[in-house]
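Me: I have a structure on my screen and would like to go through the reasoning behind its labels. Could you take me through them?

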Amino acid sequence: MGAPTIDLTHQEQHMAVSLEHLVRYHEDGNDFLIRIVTGDETWVYHFTPESKAASMEWKHPSSPVRKKFKTTPSAGKVLLTVFWDAQGVLLLDFLEVETINATLY
C-alpha cells in the first residue's frame with residue numbers, strides 16, 4: 001500500500017505552498033525568486049472607434065455643440081492570458097471565443 005492520502009482544504013494547500021516557498025527563499029534567496037513564473041487572465045473587450053475624420057460634420061457657427069457619447073457596441077471580446085516572471089512578460093495569449101467550458105479551459 002502507498003502513503004495515505006490527505007485531503008487538504010484550499011486554504012491549507014495555500015498555506016503549505018506558501019511555507020514551502022518561504023523555506024526555499026530562505027535557502028536560495030533571489031535565485032529562487034527569479035525562477036517563479038505566474039499568470040493571470042481577463043476578458044478584454046475590443047471595438048473599432050470612430051475616426052476623427054468620420055466624426056466631423058458641417059454645421060453653422062451658431063449651431064449648438066453636439067455632445068458625443070460612446071455608443072459603439074463592443075465588436076467582441078477575447079480572453080487575455082498573461083504569464084510573467086521577475087524579468088517581465090513571457091507570454092500574451094488572446095483566445096477569441098464566446099464561451100469557455102471545462103474542456104476548452
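Me: How do you know that β1 and β2 pair, and in which sense?

Reply: Happy to help; please keep in mind that this is a predicted model. Two strands pair if there are at least two bridges between them. β1 and β2 (residues 76–85) have 9 bridges, in the antiparallel sense, so they satisfy that criterion. One example is Trp43, whose bridge partner in β2 is Leu79.

Me: And what makes β2 and β3 a pair?

Reply: The cut-off is again at least two bridges, and β2 and β3 are joined by 7, also antiparallel. Phe83 is one residue to look at: its bridge partner in β3 is Leu91. The two strands form a hairpin, with 2 residues between them.

Me: What kind of sheet do the strands form, and which are the edge strands?

Reply: The 3 strands make an open sheet in the order β1-β2-β3, with antiparallel pairing. β1 (38–46) and β3 (88–95) are the edge strands, as each pairs on one side only. From one strand to the next, the twist averages 25 degrees.

Me: Why is β2 called largely enclosed?

Reply: A residue is buried when its relative accessible area is under 20%. In β2, 7 of the 10 residues are buried, so the rest of the structure largely encloses this strand. For the chain as a whole, 10% of the 105 residues count as buried.

Me: Why is Val44 called partly exposed?

Reply: Val44, in strand β1, has a relative accessibility of 28%. Partly exposed is the class between under 20% (buried) and over 50% (exposed), so at 28% Val44 counts as partly exposed. While you are there, look across to Leu79: the C-alpha atoms of Val44 and Leu79 are separated by 6.2 Å, although the two residues are 35 apart along the chain.

Me: What makes Val37, Phe83, Leu90 and Leu91 a nonpolar surface patch?

Reply: Patch residues need over 30% relative accessible area and no salt bridge, and nonpolar side chains are joined within 5 Å. Take Leu90, which lies in strand β3: its relative accessible area is 48%, so it is partly exposed, and that value passes the 30% cut-off. Together with Val37, Phe83 and Leu91, Leu90 makes a patch of about 350 Å².

Me: How do you know that Asp28 and Arg35 form a salt bridge?

Reply: The test asks for a side-chain nitrogen of Lys or Arg within 4 Å of a carboxyl oxygen of Asp or Glu. For Asp28 and Arg35, the closest N and O atoms are 3.7 Å apart, so the pair meets the test. The structure holds 1 salt bridge. Asp28 counts as partly exposed at 33% relative accessibility, and Arg35 is partly exposed too, with a relative accessible area of 48%.

Me: How do you know that the length of α1 agrees with its number of residues?

Reply: Helix α1 covers residues 10–28, which is 19 residues, and at 1.5 Å a residue it should span 27 Å. The end C-alpha atoms are 27 Å apart, so the two values agree. Just after α1 comes Gly29, with a positive phi near 60 degrees.

Me: What elements does the chain have, and how do they run?

Reply: There are 3 helices and 3 strands. Starting at the N terminus, they run α-α-β-α-β-β.

Technical notes
Residues numbered from 1 in each chain as written. Predicted model: local features only at pLDDT ≥ 70, side-chain atom pairs only at ≥ 80, totals over all residues. Heavy atoms only, no water. Helix = DSSP H or I, 4+ residues; strand = E, 2+ residues; numbered from the N terminus. Axes fitted to C-alpha atoms, helices over the stretch in contact; angles between N-to-C directions. Expected span 1.5 Å × (residues − 1). Patch = residues over 30% accessible without salt bridge, like charges linked within 9 Å, V, L, I, M, F, W, Y side chains within 5 Å. Areas by Shrake-Rupley, 256 points an atom, 1.4 Å probe, with all protein chains shown as cover. Buried < 20%, exposed > 50% of the residue type's maximum accessible area, 1.4 Å probe, protein only.
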